[in-house]
Amino acid sequence: MRDRAGRRRARRFAIGTAVVLALAGMNGPWLYRFGTAKYHQYQIDKPGYKAANGKWEIVEFPEKYRQNTIHAALLHTGKLLLIAGSGNNQENFDAKKYDTRIWDPVKGTIRKVPTPNDLFCTGHTQLASGNLLIAGGTKRYEKLRGDVTKAGGLMIVHNENPDRPITLPAGTRFTGRENGRTFVSKDPVLVPRAKKVFDKATGAFLRNDPGLGRIYVEAQRKGARYETGTQDNYRVRGLTGADARNTYGIAEKLALDKKDFQGIRDAYEFDAVAEKYIKVDPMKEARWYPTLTTLGDGRVLSVSGLDDIGQLVPGKNEVYDPRTRSWTYTRKIRQFPTYPALFPLSSGKIFYSGSNAGYGPADVGRDPGIWDVDSNAFARLPGLSDPKLMETSGTVLLPPAQDEKYMVIGGGGVGESRQASRRTRLIDLSDAAPRFRDGPSLEKGTRYPQASVLPDDSVLVSGGSEDYRGRGASDIRQARLYRPGTNRFDRVADPLVGRNYHSGSLLLPDGRVMFFGSDPLYGDRANTRPGEFEQRIEIYTPPYLYRGARPVLSGGPRTVPRGGTGTFTSPDASSLRTARLIRPSASTHVTDVDQRSVKLGLTKSGDRVTVRLPENRNLVPSGWYMLFVTDDRGRPSKAQWVKVP
């Protein structure tokens, strides 16, 4: 009996083995991938693995709430503002379909917010009130050369009348005195009066310097025959008498060349409590791809961008005053590429790392340095490696902010270059003679890296691609933690989603990190299939949240002044080692100049925890912050929201 049963078992085993082997012969790669994927999932779900490497999870909104998120900001309510505008989608732009979402990651709710204009490629920063200032956006999408049907370009309108300005309405016609071709303005333009110039020594009148206005014009008719190849002087149709003599246009080449995006002047404050946009005075200049940087006194500096005719704003920077909700020009001009990384220093000056997101001449405004906005003095900083590969690099103020040490990560060549840098560069601006030096290298050349400062003073660096907009399926699905104390990268769990252009990351109040966006140019390695915008959100849970119960912080004041103290309660007070005040992020296009982690003084007595804030307003601008305390195992508390008046 036992022999027959054994033979039956052996026969069944042999048959089963044959079936498995046959399936393996036909489907070996599939079985291998299936088994490998299951084993990989098993491995990364182990408690020990998560405690060492963290974990990634994907969040997919219901279909009706999905959008092409271009901008994201953490509000002091704990909710996330996700802005798409037209979402880099020409059809949405033409249909005036502009999107914004408010997401509550704690309650899991999401809702649509009416969006007043195309805030695609806008600028933003946190205000002292807790509102988010948003300025600029899209007036017109770019047109590639083959899509341009009417010759057009920049017309400089001159006004030689010193007594009054002149306004020309949209639709004004300009006819060349030499070429005879007529071009039509797309928008109104105000041309200031001419400036009288006198001899400084004698006071004698010398001349009138004409007032200048910039306007985009197009040919009346389609076709290459209406292109111009040389400069011409244009008379303004419809003007008579002195106006006709004093007002004229000058244009260089007006052609069927590619037309870049055009910006808007519109500005808004997003009310974090009412959850709606509030229109404020428009900027002096239209801007697409601008950077907004909060200054120590609470005002906001607006820099760079493409203007309303698709040209780089010619160094005319301006400042927003939240008290009056109005803008004024800075006294002098300084030009930068678009989305320049500009950080306020404890001295009140501005650090420009050289990082930027794209448009602008390759030889203008790209050197890193320290900028005194009031005097316009600019002290260049030496030692930067790969200086021609700074476009689409990321810059982060390393924790704690008091040290004024920065890291510049990766980057690529100007425009659609295939070049990408593996380097990180470090600079300590507290040095008497600061200069860049190389930090630890990345495994691959990386454009569009994301960097988020964590409560334990580490920095999460993730994502990016080796080529322009992920071309050639070059997304980098790797993440690392950088620890300033050791000056090294530690590889952690790999993200599940590739992130390149139009992506970003920000720290959440519970200590996790949220990632959004990605806008690949192509969807395959051969670059033959158009890419699809990545609408999924991804959350990274760092290793410190898998090391047992985190410390608890509760009670305490909602407002703590600079130089002052706030006392909170914690049953874990004896184990606490650090306290950090982290400014909420406003992230887009590899640019997040709001992000900073400020070291606080920490004293303990029983279950009472007292923190002391620094006094320097440039180091701690007024506004809302996340207060984290961290214990002797590097585990952070959930954040307490604190306002610095």
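Here is a short friendly chat about a sheet and two pockets in this structure.

Me: What makes this a model to read with cut-offs in mind?
Reply: The model is predicted, so local features need pLDDT of at least 70 and side-chain atom pairs count only at pLDDT 80 or more, while totals for chains, interfaces and linings use all residues. Residues are numbered from 1 along each chain as its sequence is written, and side-chain values use heavy atoms, without hydrogens and water.

Me: Why are β39 and β40 called paired strands?
Reply: Strands are DSSP runs of E with at least two residues, numbered from the N terminus, and two of them pair if DSSP finds at least two bridges between them. Three bridges join β39 (residues 513-517) to β40 (residues 537-541), so the pair meets that definition. In this antiparallel pair, M514 stands opposite I539 of β40.

Me: Why do β1 and β38 count as edges?
Reply: The open sheet has the order β1-β40-β39-β38. Both β1 (55-59) and β38 (503-507) have a single partner strand, so one side of each lacks a neighbour in the sheet.

Me: What makes a residue part of a pocket's lining?
Reply: A pocket is an open set of points on a 1 Å grid over the protein atoms alone, where a 1.4 Å probe fits, with protein on both sides within 12 Å along at least five of seven lines; a lining residue has an atom within 4 Å of a point. The largest pocket has 42 such residues, with N88, E142, F261, R469 and L521 nearest its centre.

Key
Helix = DSSP H or I, 4+ residues; strand = E, 2+ residues; numbered from the N terminus.
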